[in-house]
Amino acid sequence: QILIVVICLMNIRLALASIIILPLQFVTYRFFRGPIKLSHSEAQENLSLAYGSVVEKFLGIEVVKGFSAEARESKTFHQAIDESRKSQIRSQRYHFAQKVTADLLVGLGTIMLLAYGAFEVIKGRMKGGEFMMFFGYVMMLYPSVLEIISGVGHSSKATASVSRVFDMLDEPIHDAGVMQSIPQDGSTELL
């Protein structure tokens with residue numbers, strides 16, 4: 001924010017040319033936030049199914065062997081792992097596409113800034129040294145913007161994980177044939 005104020009005070013026309021990409025960066029973030037969160041949430045769900053399958057195998061190994069269900073259990077486990085892998089890959093693809101889009105927008109902003117700055121210098125409205133100083137400030141701004149975009153991509157994954165934890169806390173607990181639920185106040189009541 002300080003860099004934006006500084007470049008606006010230096011030259012408002014060049015500042016507008018260089019920060020015009022910032023709203024587009026916000027649109028990029030909003031566009032990719034939902035798909036990243038959804039695909040990461042799906043990956044977490046599928047991974048929990050795979051973990052549950054492993055635990056059930058260990059706890060009920062005699063039962064599985066007794067009913068010759070090894071092939072079925074193995075198929076269930078492999079299917080859950082494959083679905084988790086596909087969801088993780090989809091999440092990484094969305095995150096990568098978001099990063100590439102943000103990088104392309106910064107490249108576009110840099111090209112617009114150089115073109116307009118050269119025009120200003122050629123017309124004599126600005127000295128070459130002033131433009132280089134302005135360009136230096138903008139080159140400090142753009143990496144910060146890219147870092148923020150990358151960070152919010154990671155935060156979308158984190159919010160998906162937190163949502164998954166809250167979903168799990170809202171699930172009813174099955175214990176020894178008695179179903180319990182955990183109300184919002186934290187107390188336990190038998191149903």
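**Notebook: pocket and salt bridges**

I started with the largest pocket, and its volume comes out at about 240 Å³. A reminder to myself: this is a predicted model.

**Entry 1, the pocket lining.** Next I asked which residues lie nearest the centre of the largest pocket. They are Leu22, Ser144, Val145, Ile148 and Ile149, out of 13 lining residues. I then looked up which elements give two or more residues to this lining, and found α1 (2–10), α3 (21–59) and α6 (128–170). Of these, α6 gives the most, with six residues.

**Entry 2, pocket chemistry.** How many charged residues does the lining have? I found no charged residues there, against ten nonpolar and three polar ones. For the charged side chains, I turned to the salt bridges.

**Entry 3, salt bridges overall.** I count six salt bridges in the structure. I went through several of them one by one.

**Entry 4, Arg90 and Glu42.** These two side chains meet in a salt bridge at 2.6 Å, N to O. I checked where the partners sit: Arg90 is in helix α5 (residues 70–122) and Glu42 is in helix α3, so this pair ties together parts that are 48 residues apart in sequence. Are the partners buried or exposed? Arg90 is partly exposed, with a relative accessible area of 32%, and Glu42 is also partly exposed, at 32%. I noted that helix α3 turns up here as well as in the pocket lining.

**Entry 5, Arg85 and Asp82.** I stayed in helix α5 for this one. The side chains of Arg85 and Asp82 form a salt bridge at 3.5 Å, N to O. The two residues are three apart in helix α5, so about one helical turn separates them. For accessibility, I read 43% for Arg85, which is partly exposed, and 34% for Asp82, also partly exposed.

**Entry 6, Lys99 and Asp103.** Another pair from helix α5: here the salt bridge is 3.6 Å, N to O. Lys99 and Asp103 are four residues apart, about one turn of the helix. Lys99 has a relative accessible area of 37% and counts as partly exposed. Asp103, at 34%, is partly exposed too.

**Entry 7, a network.** Last, I looked for salt bridges that share partners. Which residues do they join? I found Arg13, Glu120 and Arg125 linked into one network.

**Where I leave it.** My page now holds a pocket lining with no charged residues, a salt bridge between helices α5 and α3, two pairs in helix α5 about one turn apart, and one network of shared partners.

Methods: Residues numbered from 1 in each chain as written. Predicted model: local features only at pLDDT ≥ 70, side-chain atom pairs only at ≥ 80, totals over all residues. Heavy atoms only, no water. 1 Å grid on protein atoms, 1.4 Å probe; cavity = no way out; pocket = protein on both sides within 12 Å on 5 of 7 lines; lining within 4 Å. Points joined across faces, edges and corners; volume = space filled by probe spheres on them. Nonpolar A, V, L, I, M, F, W, Y, C, P; charged D, E, K, R; others polar. Buried < 20%, exposed > 50% of the residue type's maximum accessible area, 1.4 Å probe, protein only.
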